[in-house]
Amino acid sequence: MKKIVFFLALTISFISCKNEHEMNVEATITGLRKGTVYLQKVQDSALINLDSIVVNGQDNFTLSTIVENPELFYIYIDKLDGNEYNDRITFFGEKGEIKLFTHLEKINSDVKITGSKNHRIYTEYQNSLKKVNTALAKANIEFIQAQMKNDEERMVILDEKINKLIRSKYTRSIQFALNHKRSSVAAYIGAREIEEANIVYLDSIYNGLSKKAKNTIYGHELEQAIKNRKKS
């Protein structure tokens with residue numbers, strides 16, 4: 001009898017722990033008729049599937065996984081519509097209930113995600129870089145065109161422009177991370193977006209992180225990057 005009680009207590013404890021760290025993504029993707037939708041993340045430099053669902057006419061579905069700390073996740077849509085291009089939605093996930101709304105034709109332009117404080121900050125960060133990223137993409141295309149034409153004078157001008165835009169992007173990213181330095185998004189920016197920035201800024205970002213943000217994969221990466229930079 002004691003063994004049964006112990007087993008039941010252990011099972012309840014496991015379920016309770018699982019629910020405590022579970023992320024449920026309640027998604028609505030109108031216009032998606034048939035296909036498979038995957039919840040993914042990067043682990044050990046590889047993209048892995050965490051959950052999936054076969055869609056056959058329904059607009060609403062739920063994908064779930066266990067989340068220890070906030071990090072980037074992806075919703076990948078493998079469509080069965082004859083189109084060779086599939087879609088992937090990037091979002092900053094965390095434990096709890098997250099709601100996602102979009103239309104199949106607007107996945108790259110109109111996605112609404114609620115329930116994740118970190119995703120709200122991540123979206124704000126992406127929006128702060130929108131103009132400089134657009135200008136950078138345009139300048140890179142123009143540089144390639146100048147290369148094809150062997151226009152060295154134009155290439156020099158564009159190279160200077162690209163370098164200036166990259167510096168501007170770094171400056172904006174550093175400033176954003178410093179303004180939100182307690183967040184997991186700041187840890188992500190420091191570890192993945194501006195890892196070559198001045199060590200003074202990286203130190204300031206890391207030291208300002210909350211304990212929770214320091215325990216994310218990005219917090220650990222940033223800490224290690226700072227140690228490596230100080231050794232060299």
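## Exercises on Leu-222, the cores and Ser-210

Leaving aside neighbours within four places in sequence, Leu-222 is in contact (heavy atoms within 4.5 Å) with Ala-187, Gly-190, Ala-191, Leu-202, Ile-205, Tyr-206 and Leu-209. The model is predicted: local features need pLDDT of at least 70, side-chain atom pairs count only at pLDDT 80 or more, and totals for chains, interfaces and linings use all residues. Residues are numbered from 1 along each chain as its sequence is written, and side-chain values use heavy atoms, with hydrogens and water left out.

**Exercise 1.** Describe the largest nonpolar core and the elements that give residues to it.

*Solution.*
1. A nonpolar core is a set of buried Ala, Val, Leu, Ile, Met, Phe, Trp, Tyr and Cys residues joined through side-chain atoms within 4.5 Å; buried means under 20% relative accessible area (1.4 Å probe, protein chains only).
2. The largest has 35 residues, and Ile-189 and Leu-222 have the most contacts inside it.
3. Elements giving two or more residues include strand 5 (71–79), helix 5 (184–193) and helix 8 (217–231). Helices (H or I, at least four residues) and strands (E, at least two) are DSSP runs, numbered from the N terminus.
4. Helix 4 gives the most, seven residues.

**Exercise 2.** Place Ser-210 and find the partners of its side chain.

*Solution.*
1. Ser-210 lies in the loop between helix 6 and helix 7 (211–214).
2. Ser-210 is buried, at a relative accessible area of 13%.
3. Leaving aside neighbours within four places in sequence, Ser-210 is in contact with Lys-181 and Arg-182.
4. A polar atom of the Ser-210 side chain lies 3.0 Å from the backbone oxygen of Arg-182.
5. The Ser-210 side chain also reaches the backbone nitrogen of Ala-213 at 3.1 Å.

Technical notes. Buried means under 20% relative accessible area, exposed over 50%, partly exposed in between (1.4 Å probe, protein chains only). A polar contact is a pair of N or O atoms within 3.5 Å; within protein, one must be able to donate a hydrogen and the other to accept it, and residues adjacent in sequence count only if both atoms are side-chain atoms.
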